[in-house]
Protein chains: 2
Amino acid sequence: MGRVTLQTVADRVGVSRMTVSNAFSRPDQLSARLRERILDVAAELGYCGPDPAARTLARRRAGAVGVLLTDSLSYAFTDEIATTFLGAVARELEVTGIAMTLLSSPRGSGLTPARDVVLDGAIVYSVDGDSPALAWLRRRDLPLVFVDQVAEPGIPSINIDDRIAARTAAQHLVDLGHRDVGIVTQGMNAPYETVYEPDTDSVHLVPRERMKGWLDALRPAGVRVRAVNEAVNGEVEGRRAAGLLLDQPDRPTALLALSDLMAAGALHAAEDRTIAVPGALSVAGFDDSPLASRLRPSLTTVAQPTHEKGRLAAQTLMTAIERAQEGSTPSRARHQVLDTELVVRDSTAQPLN
Amino acid sequence: MGRVTLQTVADRVGVSRMTVSNAFSRPDQLSARLRERILDVAAELGYCGPDPAARTLARRRAGAVGVLLTDSLSYAFTDEIATTFLGAVARELEVTGIAMTLLSSPRGSGLTPARDVVLDGAIVYSVDGDSPALAWLRRRDLPLVFVDQVAEPGIPSINIDDRIAARTAAQHLVDLGHRDVGIVTQGMNAPYETVYEPDTDSVHLVPRERMKGWLDALRPAGVRVRAVNEAVNGEVEGRRAAGLLLDQPDRPTALLALSDLMAAGALHAAEDRTIAVPGALSVAGFDDSPLASRLRPSLTTVAQPTHEKGRLAAQTLMTAIERAQEGSTPSRARHQVLDTELVVRDSTAQPLN
DNA sequence: GGCTGCTACTGTACCGGTAAAGCAAGGAAA
DNA sequence: TTTCCTTGCTTTACCGGTACAGTAGCAGCC
């Protein structure tokens, strides 16, 4: 016995296949009486509605959008900023009944969901420009939206000005009187886990721009700057990196961290060494993740509208998809830059001298 | 001009459509020379590989599995336990190159990804038995795996024994000498935000079983038990609920919370009232989320192997899918119950008197 | 020289739907 | 009465692939 399809049901009821299709997908196309009879027979035969795969092929619409994150998908669930972003995307998609597919991009292996999974479009969030998965998405000619990503003509993008945002954090320290600042960061083109004189060399947009912003404020003020670069943006890494800086003879009086997560690690490192924050050490983060206000002392940081980014990304993608499906030529892609704001809390103060 | 398909490429190269298909999907079926030529022409024509929708239909395989969570999808990204679980699932799927689709289940609206999205199978995580989305997944006859869900014959499941686990936490308080305990929970069939004498009535598996477990230990020991029920499992809610209990005349000497998240709220509530923990109040959570050890005081809780749950769920699903696709009759579904362990930290101690 | 066994391709038959045009019958408008 | 709409169902023509069973050509082998 084969599977039950539209045809099976149609034969049994004695109508055309198309009518059965309409019974499920376009109820207004047939009489209520017939529709009911068809649905009854379908239920009786164990037919559970049009096959999604066939329907997707015929309608050229999948009912799912992709989200491509970093190379490692599981990162999506460890970083609080990523989860906030995804949550916002999810919330926005939820009401449209469209599913959200997380795309991984295992470097090296030939397995690439970005190539093989049915999608109507995708959000690309902070992915390296040379990622193979991104290359596939492009080639598939899907509507895309870039977030925290180098903007490209033709592709709508949503960003903050990381450089300016970072500068306000650094300027805040300068204004407080700090003249020796340590930077705790990640993803730079520099050796890991060692104190070095920082530059702005990185393939990753976000760390690079933030570094530029910090140096924009620190260098002209004649501040001494030392940095530690880590492979991963995590609390453990932040703790280790901050530790290296704090163990220097003549240690910095303030630390700037790439993220609130790394800043949390820095607070830990200070605690490990019984260095009082903000008395003997100021610490500033970036993101204003929920973590920032939970920490003790609460964290001075730069707030970025993560939730709004997700909302906008989803919204922008939906309209791009609609337009693409109508076949109308895409209107010029908007590049949105959202505002950030320095949030001063309890982790920064004047240096002791 | 129509879109570029296999046929377009085939015509151009002068081979059959099937050969082009093989060039992409089964390289061993043709000579390397021809394959290269086909790939070149394809690139030239802007053909970017087999259409996923068509391929999915023809192979009857989607390359994506679903994860159905609570009704509100965005919850998936706010609860640290949910994200840990999803992260583990993601990590496990990642290496197989299979994508993970998050299914929402908007009650009421007719929009149901669970019905319309192509999937090879799905993980159902702590979803009410009467969820419409779950009903659709069932009808579609997809391989399923249940997690934190009432086990059913024929469907592999992964659970912990919430009842016994909760009992160990409550017993711990009893053993310390507490004789007046407050319960901070969620999802019970009881009025919200009011102090009441608890019972075990709930449609939700997890809160119900944990409540049973707590009462198993508390009632026989003659402990006075009061509870507050909230609509949502969140920190804010935990704080409010704990506040209600702590504001009672003759307040409890210890609190049991449904989750570490609610327990965190309870710690906050104590702090608000300058009640010392664990000196004047003991607090115990559940889950052993990363949060538990971050909190001050660090939280006594019941550790459950959340990561392992995710890993196993993904693994179990993958084998179920394989078996289903081979057409072999599914072997009897395993119901796995994982171990839990009481983790005593700094938030519990003997009561004062 | 016939048989066997590759290798490398082709042909046929689906996979399970949907869009859009077609058409018959009945009722309203002219 | 004719014309024109509706309503309600059917017909036709795809959507873009893959599985599987050929088949042709050639080499090896006794």
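This is a guided tour of a predicted model, one selection at a time.

**Stop 1: the two protein chains**

Show chains A and B together. A rotation of 180° with 0.0 Å of shift along its axis lays chain B on chain A, at an RMSD of 0.0 Å. That is how a two-fold axis relates two copies. To find the axis in chain B, select B:T101. Its C-alpha is the one in chain B nearest the axis, at 2.0 Å.

**Stop 2: a ring pair across the chains**

Now select A:F77 and B:F77. How far apart are the ring centres of A:F77 and B:F77? They are 5.8 Å apart, and the ring planes stand at 0°, so this pair is stacked. The pair crosses from one chain to the other. On the chain A side, A:F77 sits in the loop between strand 1 (64–68) and helix 5 (80–94). On the chain B side, B:F77 sits in the loop between strand 1 (64–68) and helix 5 (80–94) of that chain.

Are these two residues buried or exposed? A:F77 is buried, with a relative accessibility of 5%. B:F77 is buried as well, with a relative accessible area of 5%.

**Stop 3: a ring pair within chain B**

Stay in chain B and select B:F24 and B:Y47. Their ring centres are 5.4 Å apart. The planes meet at 70°, over the 60-degree cut-off, so the pair is edge-to-face. This pair joins distant parts of the chain, 23 residues apart. B:F24 belongs to helix 2 (residues 17–25). B:Y47 belongs to the loop between helix 3 (32–45) and helix 4 (52–59).

Colour the two by accessibility. B:F24 is partly exposed at 22%, whereas B:Y47 is buried at 10%. Over all chains, the count of aromatic pairs is 5.

**Stop 4: charges over a tryptophan**

Centre on B:W136, then add B:R115 and B:R139. The charged end of B:R115 sits over the ring of B:W136, 5.2 Å from the ring centre. B:R139 also lies over the face of B:W136, and its distance from the ring centre is 4.3 Å.

**Stop 5: DNA strand C**

Display DNA strand C and the protein around it. The strand is surrounded by 28 residues. Closest are A:R3, A:R17, A:S21, B:T19 and B:S31. By class, this surface holds 13 nonpolar, 7 polar and 8 charged residues.

Which part of the strand faces the protein, sugar and phosphate or bases? Of the strand C atoms within 4 Å of the protein, 63% belong to sugar or phosphate, and the rest belong to bases.

Draw three distances here:

- From A:R17, a polar side-chain atom is 2.6 Å from a base nitrogen of DNA strand C.
- From A:Y47, a polar side-chain atom is 2.9 Å from a phosphate oxygen of DNA strand C.
- From B:T19, a side-chain N or O atom is 2.5 Å from a phosphate oxygen of DNA strand C.

Then turn on the cartoon. Helix 2 and helix 4 of chain A, with helix 2 and helix 4 of chain B, are the elements that each give two or more residues to this surface. Helix 4 of chain A makes the largest share, with 5 residues.

**Stop 6: DNA strand D**

Switch to DNA strand D. It has 28 residues around it, and A:T19, A:S31, B:R3, B:R17 and B:S21 come nearest. The surface divides into 13 nonpolar, 7 polar and 8 charged residues. Of the strand D atoms within 4 Å of the protein, 62% are in sugar or phosphate and the rest are in bases.

Three more distances to draw:

- A polar backbone atom of A:S16 lies 2.9 Å from a phosphate oxygen of DNA strand D.
- A polar side-chain atom of B:R26 is 2.9 Å from a phosphate oxygen of DNA strand D.
- An N or O atom in the side chain of B:Y47 lies 2.9 Å from a phosphate oxygen of DNA strand D. B:Y47 is the residue whose ring pairs with that of B:F24.

Helix 2 (17–25) and helix 4 (52–59) of chain A, together with helix 2 and helix 4 of chain B, each supply two or more residues here. The largest share, 5 residues, comes from helix 4 of chain B.

**Stop 7: an arginine in helix 10**

Finish in chain A with A:R240. It is in helix 10 (residues 235–246). Its relative accessibility of 36% makes A:R240 partly exposed. Add A:K212 and draw the C-alpha distance: 23 Å in space, for 28 residues in sequence.

Notes
Residues are numbered from 1 along each chain as its sequence is written. Chains are lettered from A and ligands numbered from 1 in the order in which they are written. This is a predicted model: local features need pLDDT of at least 70, side-chain atom pairs count only at pLDDT 80 or more; totals for chains, interfaces and linings use all residues. Side-chain values use heavy atoms; hydrogens and water are left out. Rings of Phe, Tyr and Trp (its six-membered ring) pair if their centres lie within 6.5 Å; planes under 30 degrees apart count as stacked, over 60 as edge-to-face and the rest as tilted. Helices (H or I, at least four residues) and strands (E, at least two) are DSSP runs, numbered from the N terminus. Buried means under 20% relative accessible area, exposed over 50%, partly exposed in between (1.4 Å probe, protein chains only). A charge sits over a ring if NZ of Lys or CZ of Arg is within 6 Å of the ring centre and within 35 degrees of the ring normal. A residue is near a molecule or strand if one of its heavy atoms lies within 4 Å of it. A polar contact is a pair of N or O atoms within 3.5 Å; within protein, one must be able to donate a hydrogen and the other to accept it, and residues adjacent in sequence count only if both atoms are side-chain atoms. Ala, Val, Leu, Ile, Met, Phe, Trp, Tyr, Cys and Pro count as nonpolar, Asp, Glu, Lys and Arg as charged, and the others, Gly among them, as polar. Copies are superposed by least squares on the C-alpha atoms of residues with pLDDT of at least 70 in both.
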